[in-house]
Amino acid sequence: MRRPGRRESSIDWIFLLPAIIRIAGNRLSRLEACSTFMITRKRRVWVTGADGLIGSHIVAAALGCAPCFDVAGLTRAEVDLVDFDRVRVLYNIQQPSLIIHCAALSQSPVCQSNPALARKLNVEVTAFLAELAAEIGFIFFSTDLVFDGRKGYYTEDDATNPLSIYAETKVEAEQIVLRNPRHTVVRTSLTGGVSKTKSRGFNEEILNAWKAGKTVRLFSDEFRCPITAPVTARAIWELAALEPRGIYHLAGGERLSRLEIGQLLAERHPELNPQIEPCSLLEYQGAPRPPDCSMNVARIESLLSFKLPGLAQWLQEKPKADF
Ligand SMILES: NC(=O)c1ccc[n+]([C@@H]2O[C@H](COP(=O)([O-])OP(=O)(O)OC[C@H]3O[C@@H](n4cnc5c(N)ncnc54)[C@H](OP(=O)(O)O)[C@@H]3O)[C@@H](O)[C@H]2O)c1
């Protein structure tokens, strides 16, 4: 368990923060407000999937982005989330006041070939944690793949229509999570960044192929709004401070095809002699793929202190970032 903190019993100023923040309005960002006011007790937060791409960035960003929180990252080595008895014991000892649930079987092809495992990890574990967290905040990571991709620029109010087992399990879990009006679903998109295994970000997958001397085939007609894990982490901590409820779309501010994403990475890594072969979804044979899962991010942006950058913008602004 990372950074396990003490549970203190003094007056809980944190409950006053939403009101203070509302009063402060535009003058202070929420996080500035959070660190400006006297806080006598930090809120314990669990981050599941803390060794994964997104969870590890959320834990790492906590130091700078989440002064109000006492963050414990849960890795599989520390607790297997399917061991419900052990998780319950841990919960009762640690008494978190928020769970950010990033753990999942997140690779769609693996879910497709093992639906029972996908359901266990993505639905049953989520349902168990949401029940455990009935009286506290719960942020569940879902995906833009809950949509069938026929429309694009989806809002939170658009109807879902999952095309894969992975997406089906996420829709089912979303419905369970949303039964509790205190709880939150964050649908995110294709995420890049440096992961502990060096293989989980979309950028890492492509760079690894180039490093192995392979040509990468990329669809010119499949669209997402890619985001980077550091941006996700910053947004999540801002969201966590606000205790929002319901569904939010958290994605990059620009819709890109897989091919365009590869071209941006190729420009950044000429030293890898990057080779790309454009292809079309029309030629693809396999489980159905939604062509355009771009998302409208207006709802979450209305809460955040910053605009969500598109991938091209982020890469331009971070020329030295390992990506
Ligand atoms: N990355 C994306 O492009 C993307 C896009 C849309 C939505 N999402 C969603 O965002 C969330 C985070 O994604 P991610 O990219 O960070 O996924 P990830 O890199 O695959 O991380 C998932 C983590 O969950 C852990 N885990 C799985 N089963 C577990 C269990 N039984 N007990 C404990 N830990 C367990 C995994 O542990 P191991 O490391 O031991 O396997 C892994 O560390 C997921 O819900 C995913 O579906 C991701």
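**Two loop residues and a buried threonine**

In this predicted model, Q95 is exposed, with 10 other C-beta atoms within 10 Å. That count earns the label because a residue is called exposed when 12 or fewer such atoms lie within that distance. Q95 sits in a loop, the one that runs between helix α4 (84–94) and strand β3 (98–101). Its backbone is a bit of an oddity too: Q95 has a positive phi of about 45 degrees, even though it isn't a glycine. Most residues other than glycine have a negative phi.

N273 tells a similar story further along the chain. Here phi is positive again, at about 50 degrees, and N273 isn't a glycine either. This residue belongs to the loop between α10 (258–268) and β12 (276–279). N273 counts as exposed, with 10 C-beta neighbours inside 10 Å.

Now for T191, which is part of strand β6 (residues 191–192). Is T191 buried or exposed? With 27 other C-beta atoms within 10 Å, T191 is buried, because the cut-off for that label is 20 or more. Which residues does T191 touch, once its neighbours within four places in sequence are set aside? The contacts are L53, I54, G201, F202, I227, A229 and T232. Take T232 from that list: T191 and T232 are 41 residues apart in sequence, yet their C-alpha atoms are 8.5 Å apart in space.

Conventions
Residues are numbered from 1 along each chain as its sequence is written. This is a predicted model: local features need pLDDT of at least 70, side-chain atom pairs count only at pLDDT 80 or more; totals for chains, interfaces and linings use all residues. Helices (H or I, at least four residues) and strands (E, at least two) are DSSP runs, numbered from the N terminus. Two residues are in contact if their C-beta atoms, placed from the backbone, lie within 7 Å.
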